[in-house]
Amino acid sequence: MKKSGNFEESIHNEEYYRKCDIRNLNYETMLFKGGRKTEKLNGIWKLTVDQYDVGLRDNWHLPKGQVRNGVQEPWDYNPDDGMEVTVPGCWNTVKPEYFWFEGCGWYARRFRYIKEEQSERVFLHIGGANYDCKIFLNNEFIGNHLGGSTPFYVELTGKILEENLIQVCVNNTRTSDRVPMKNTDWFNWGGLYRDIELIRVPEAYISSFQIHLVPDGTFRNIRAEIAVSGTSASKHAMLEIPELGVREEISLTNGAGSAEISASPELWAPENPKLYDMSVSYGPDTVTDRVGFREIRVEGTDILLNGNKIWLKGISVHEDDARLGKVSSEEDIRRRYAHAKEMGCNYLRLSHYPHHELAAKIADEEGLLLWEEIPVYWAIDFANPATYADAENQLKELIFRDYNRVSVIIWAVGNENADTDERLEFMSSLAKTAKAADGTRLVTAACLVNHAKNRIEDRLTDYLDIIGLNEYYGWYKTDFSQLIDLGINSKPDKPVLFTEFGAGARSGHHGSISEKFTEEYAEHVYEQQIETIEKLDYVKGISPWILYDFTCPRRQNRYQNGFNRKGVIAEDKKTKKLPFYVLQEFYRRK
Ligand code: GCU
């Protein structure tokens with residue numbers, strides 16, 4: 001662009017954002033974190049909301065208010081002047097006027113770093129920040145990450161000082177090229193809402209480690225794969241699983257190696273969530289993990305866990321809290337699972353995006369099977385290669401993070417997308433990517449009913465191991481008999497999960513079974529759904545929509561008041577509604 005004499009960068013350059021949009025923090029820069037000592041940078045940070053992107057236009061990462069020729073320049077921003085907020089946190093919960101804010105939030109804090117080992121390397125790890133997260137350290141742009149719910153790492157070695165200023169610009173603006181895009185049926189919480197921490201590693205370290213039971217039906221072979229970074233004389237790593245008597249040397253070529261080890265682990269299952277402590281050492285570096293071993297596969301329309309047919313008694317959940325926003329805590333996750341177990345669940349659908357990493361770790365312990373999903377939700381810019389790259393990266397980051405989580409049995413590549421050619425190309429590629437990254441789990445998507453033919457029919461299902469199906473007969477589709485017809489019309493040759501059905505009800509609002517938003521109406525819908533679904537042999541599980549009422553700007557009638565009211569429990573995460581007991585009764589006898 002030809003610049004005129006009076007061109008002012010900070011007010012005339014509408015391409016200002018490009019310099020800080022290099023997306024260099026992604027799947028390739030991830031680090032295996034298992035058991036590593038971390039130094040939390042959580043706590044009090046200074047937040048400055050930036051509605052007009054002035055921070056990027058005017059380089060707020062550079063020192064402001066400088067004295068030039070003895071005169072101090074005016075300044076509009078100072079990292080230390082922001083509002084004190086707690087990280088992890090969502091800016092929407094810090095004060096009422098920030099609840100609806102969408103845009104850039106500039107987080108800043110100062111911290112000290114004292115080198116412990118001469119050759120140590122330092123990484124910054126962020127568990128999740130919605131959506132575009134830019135990192136600035138000591139007035140230098142380090143990089144940015146796209147994706148509102150997957151972890152990322154950035155190496156700070158050589159840039160980190162004894163005294164540091166870190167600034168993190170998080171932008172949650174909804175745009176049509178993002179994943180998810182503008183329109184979702186959940187709230188767009190913004191900010192640094194998961195842990196932020198420093199991780200020190202030796203010069204040569206273990207960058208990735210994956211372990212699983214080889215799905216060959218013998219349940220007697222364990223496969224381990226390792227990758228290392230940095231230069232070291234050592235040409236092998238050592239895997240140890242003491243309780244199994246495993247002590248296996250894995251030789252490394254070009255920084256990678258794998259081994260198949262015969263062993264007889266106790267198989268992990270909901271009724272026996274057996275986990276093993278393990279460690280891997282490579283030179284001075286050691287990582288640990290707690291892992292279980294199980295096999296999941298399909299045979300015709302059956303799902304087999306450790307060779308046994310299983311029916312997934314589930315419920316869908318969001319990461320949402322009226323007080324905490326999208327911040328997830330161990331206590332919140334354990335409450336979620338306790339409610340699910342109280343209903344008799346052996347399975348949960350973590351929708352529509354990767355949840356906190358603790359969710360799978362606790363499910364491993366609790367013996368709950370999990371569906372994990374990336375937010376390729378409704379209308380995505382399927383023809384946009386940058387959007388595909390973003391979606392694929394989120395998928396790979398999720399698989400990298402939770403590969404060793406035995407509870408995770410399903411990767412889902414999206415939800416309720418129209419069956420167009422661009423979508424088929426986009427999502428079939430994602431399904432293949434998931435399969436290539438992990439051949440031990442099932443790949444799926446939550447598909448829509450082909451209403452024109454009233455049957456389960458979607459071209460994407462050719463690329464899936466199991467078919468997820470969302471249907472709302474009795475709610476959006478009031479003629480319930482159509483579900484019975486759908487069941488008869490459909491002849492799937494693989495297992496089907498009814499990933500969503502349900503009805504809205506304001507807790508405590510009672511009335512007739514024909515009055516929408518009463519608990520009785522919702523109860524009746526659940527009874528009809530279960531009665532019909534039970535008769536469909538190819539249905540091998542359900543995850544009704546949803547465990548708790550959740551924040552949703554799309555829902556504004558007198559019963560909803562900004563909440564989706566399809567929870568079987570209200571948003572207080574205490575008050576149960578009548579459908580809770582219908583599901584409990586069904587799971588008790590299933
Ligand atoms: C859809 C969608 C959910 C949504 C639900 C609803 O199926 O997948 O995200 O909340 O329906 O309408 O309540």
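Biologist: Which strand gives the largest share of the lining of the second largest cavity?

Modeller: Strand β13 (residues 205-213) does, with three residues. A strand is a DSSP run (E, at least two residues), numbered from the N terminus. This is a predicted model: local features need pLDDT of at least 70, side-chain atom pairs count only at pLDDT 80 or more, and totals for chains, interfaces and linings use all residues. Residues are numbered from 1 along each chain as its sequence is written, and side-chain values use heavy atoms, with hydrogens and water left out.

Biologist: What makes a space a cavity, and how many of 30 Å³ or more are there?

Modeller: On a 1 Å grid over the protein atoms alone, a 1.4 Å probe must fit at a set of points but be unable to get out. By this rule the count is five. The second largest has a volume of about 80 Å³. Its lining has 13 residues (an atom within 4 Å of a point). Ile211, His212, Gly292, Arg294 and Arg441 are the closest to its centre.

Biologist: What volume has the largest cavity, and which residues lie nearest its centre?

Modeller: About 220 Å³ of space lies in it. Of its 21 lining residues, Asn130, Tyr131, Pro180, Trp186 and Asn188 lie nearest the centre.

Biologist: Why is the contact between aspartate 185 and the ligand called polar?

Modeller: The limit is 3.5 Å between N or O atoms. A polar side-chain atom of aspartate 185 lies 2.5 Å from a ligand oxygen, so the pair qualifies. Tyrosine 377 reaches a ligand oxygen at 2.6 Å, and asparagine 564 does so at 2.8 Å.

Biologist: How do you know whether the ligand is buried or exposed?

Modeller: Taken alone, the ligand exposes 320 Å² (Shrake-Rupley, 1.4 Å probe). The protein buries 97% of that. So, by accessible area, the ligand is mostly buried.

Biologist: Which residues surround the ligand most closely?

Modeller: The shell has 14 residues (a heavy atom within 4 Å). The closest are Asp185, Tyr377, Glu416, Tyr476 and Glu500.

Biologist: How many aromatic pairs does the structure hold?

Modeller: It holds 30. Tryptophan 106 and phenylalanine 136 form one of them.

Biologist: Why is the pair of tryptophan 106 and phenylalanine 136 called stacked?

Modeller: Ring centres must lie within 6.5 Å, and planes under 30 degrees apart count as stacked. Here the centres are 5.2 Å apart and the planes 20° apart, so the pair is stacked. Tryptophan 106 sits in strand β6 (residues 104-112) and phenylalanine 136 in strand β8 (residues 132-137). They are 30 residues apart, so the pair links distant parts of the chain.

Notes:
A polar contact is a pair of N or O atoms within 3.5 Å; within protein, one must be able to donate a hydrogen and the other to accept it, and residues adjacent in sequence count only if both atoms are side-chain atoms. On a 1 Å grid over the protein atoms alone, a cavity is a set of points where a 1.4 Å probe fits but cannot get out, and a pocket is an open set with protein on both sides within 12 Å along at least five of seven lines; lining residues have an atom within 4 Å of a point. Grid points are joined across faces, edges and corners, and a volume is the space filled by probe spheres set on the points. Helices (H or I, at least four residues) and strands (E, at least two) are DSSP runs, numbered from the N terminus. Rings of Phe, Tyr and Trp (its six-membered ring) pair if their centres lie within 6.5 Å; planes under 30 degrees apart count as stacked, over 60 as edge-to-face and the rest as tilted.
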